[in-house]
Amino acid sequence: MGGPTASDDGAPGLFSPYKMGNFSLSHRVVLAPMTRCRAINGIPQQAHVDYYTQRSTPGGFLITEGTLISPTAAGFPHCPGIYTKEQVEAWKTVVDALHAKGAVVFCQLWHVGRASHHVYQPGGAAPISSTSKPISKRWRILMPDGTHATYPSPRPLSAYEIPDVVDRYRQAAVNAIQAGFDGIEIHGAHGYLIDQFLKDGINGRTDEYGGSLANRCKLIMQVVQAVVAAIGADRVGVRISPAIDHLDATDSDPLNLGLAVIERLNKLQHVLGSRLAYLHVTQPRYTAYGQTESGRQGSEDEETMLMRTWRRAYQGTFICSGGFTRELGIQAIAEGDADLVSYGRLFISNPDLVLRFKVNAPLNKYIRATFYTQDPVIGYTDYPFLGAGSETHGPLSRL
């Protein structure tokens, strides 16, 4: 059972310990999952060892980039998978290095659904989804050669095919545990496959997986149940983003969509007599790929209301993400709006982000142009640590 551990003044803070189920974390700053496109031909490289260990701390919590559950899951070039023996063995090297640093690491399980292209699909097939509707031309997909293209029309999954998709998540979770991961995160957010079933702006199905909230929640709950049965509830986290319109993932009632998922997760935990590792929710402050840095989807009061409602409804560890700064993270923990806060772009350019936050040091600026390249160093492991001439991992020992 997760719960705060008091800091010196008796109140939980961003840098106070936290008990996340069976995992004892030394602080509340989490490495968010971020696609980085450095896994050549889907295989994690030595660069992954360097990247993740740079961003690890003793007792710190890291979530990997989206990791593909099957050959049909890809929508970016050179994303790592967790569905072949070679991929599992490569991930072992990464996980072993992180455990040697004393870190806790979960693997995010990912299927992009319609957010793909024929070029990424086996045999050049159409991407699979809940729908036949393509993502609008407002969005562009990154191609293997670095150009951008429009998204094609997907193929809606037949109901009889969905159990196989669920089983792919289950097997990927088993593979992740075999690779040594402490647990997995089910990516049910940001317009990808599971979100394509959740959101009524995408899911126009008339079968048992469409229409009502109960039907639209069916896939995510089948995945959660299958994965929990395979590896245990305490090793499973779930990520959702009910209020995010990334990749046209809109819903007419995001508040109640989030509550519907949370109600089902709470009920499952009650039946199991065991809590999930966490619920990870992206708030509307999140800026989608291709939008401007100032892009917002609602007022700050609306964002706060949504997140607080979901946070109060969920019975377990709550992680928030989406454009958080140091100050906003400190505020979220202090006001009880989250147990942990995950950071993405700031962690890309600041491998020692935890230390910089702790001492309130200036931050390196990230370079967006190098987010999705294949270079194993530039824009990946070459961002400087605090202090001129610091050893690559030295500054983190000061925590």
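Student: How far apart are the closest N and O atoms of Arg155 and Glu161?

Tutor: A salt bridge requires a side-chain nitrogen of Lys or Arg within 4 Å of a carboxyl oxygen of Asp or Glu. Arg155 and Glu161 form such a salt bridge, with their closest N and O atoms separated by 3.0 Å.

Student: On what basis are residues numbered and features accepted here?

Tutor: Residues are numbered from 1 along each chain as its sequence is written, and side-chain values use heavy atoms, with hydrogens and water left out. The model is predicted, so local features need pLDDT of at least 70, totals for chains, interfaces and linings use all residues, and side-chain atom pairs count only at pLDDT 80 or more.

Student: Is Glu161 buried or exposed?

Tutor: The classes rest on relative accessible area: under 20% is buried, over 50% is exposed, and values in between are partly exposed (1.4 Å probe, protein chains only). Its partner Arg155, at 35%, is partly exposed. Glu161 has a relative accessibility of 19% and therefore counts as buried.

Student: Which residue forms a salt bridge with Arg308 at 2.7 Å, and where does that residue lie?

Tutor: Helices are DSSP runs of H or I with at least four residues and strands are E runs of at least two, both numbered from the N terminus. Arg308 belongs to helix 8 (residues 300-313), and its partner, 27 residues away, is Glu335. With 2.7 Å between the closest N and O atoms, the pair links helix 8 to the loop between helix 9 (326-334) and strand 15 (340-343), which holds Glu335.

Student: Which residue joins Arg308 and Glu335 in a network of salt bridges?

Tutor: Arg308 is partly exposed at 26% relative accessibility, and Glu335 is partly exposed at 43%. The network that links these two residues also includes Asp337.

Student: Are Asp352 and Arg356 buried or exposed?

Tutor: The side chains of Asp352 and Arg356 meet in a salt bridge of 2.7 Å, N to O. In terms of accessibility, Asp352 and Arg356 are both buried.

Student: How many salt bridges does the rule give?

Tutor: The pairs discussed above include Arg155 with Glu161 and Asp352 with Arg356. The count by this rule comes to 13.

Student: What is the angle between helix 6 and helix 7?

Tutor: Axes are lines fitted to C-alpha atoms, for helices over the stretch in contact, and angles run from 0 to 180 degrees between N-to-C directions. Angles under 35 degrees count as roughly parallel, 65 to 115 as roughly perpendicular, over 145 as roughly antiparallel, and the rest as oblique. Helix 6 (residues 218-231) and helix 7 (residues 254-272) are therefore roughly parallel. Their axes are 11 Å apart, and the packing angle is about 25°.

Student: Which residues of helix 8 make the contact with helix 7?

Tutor: The axes of helix 7 and helix 8 come within 9 Å and cross at roughly 15°, which makes the two helices roughly parallel. Contact means heavy atoms within 4.5 Å. On the helix 7 side it is made by Pro254, Leu255, Gly258, Leu259, Ile262 and Asn266, and on the helix 8 side by Met305, Leu306, Thr309, Trp310 and Ala313.

Student: What is the separation of the C-alpha atoms of Val236 and Arg275?

Tutor: Val236 is found in strand 12 (residues 236-240) and is buried at 0% relative accessibility. Leaving aside neighbours within four places in sequence, its contacts include Phe106, Ile184, Val228 and Leu276. Val236 and Arg275 are 39 residues apart along the chain, and their C-alpha atoms are separated by 9.1 Å.
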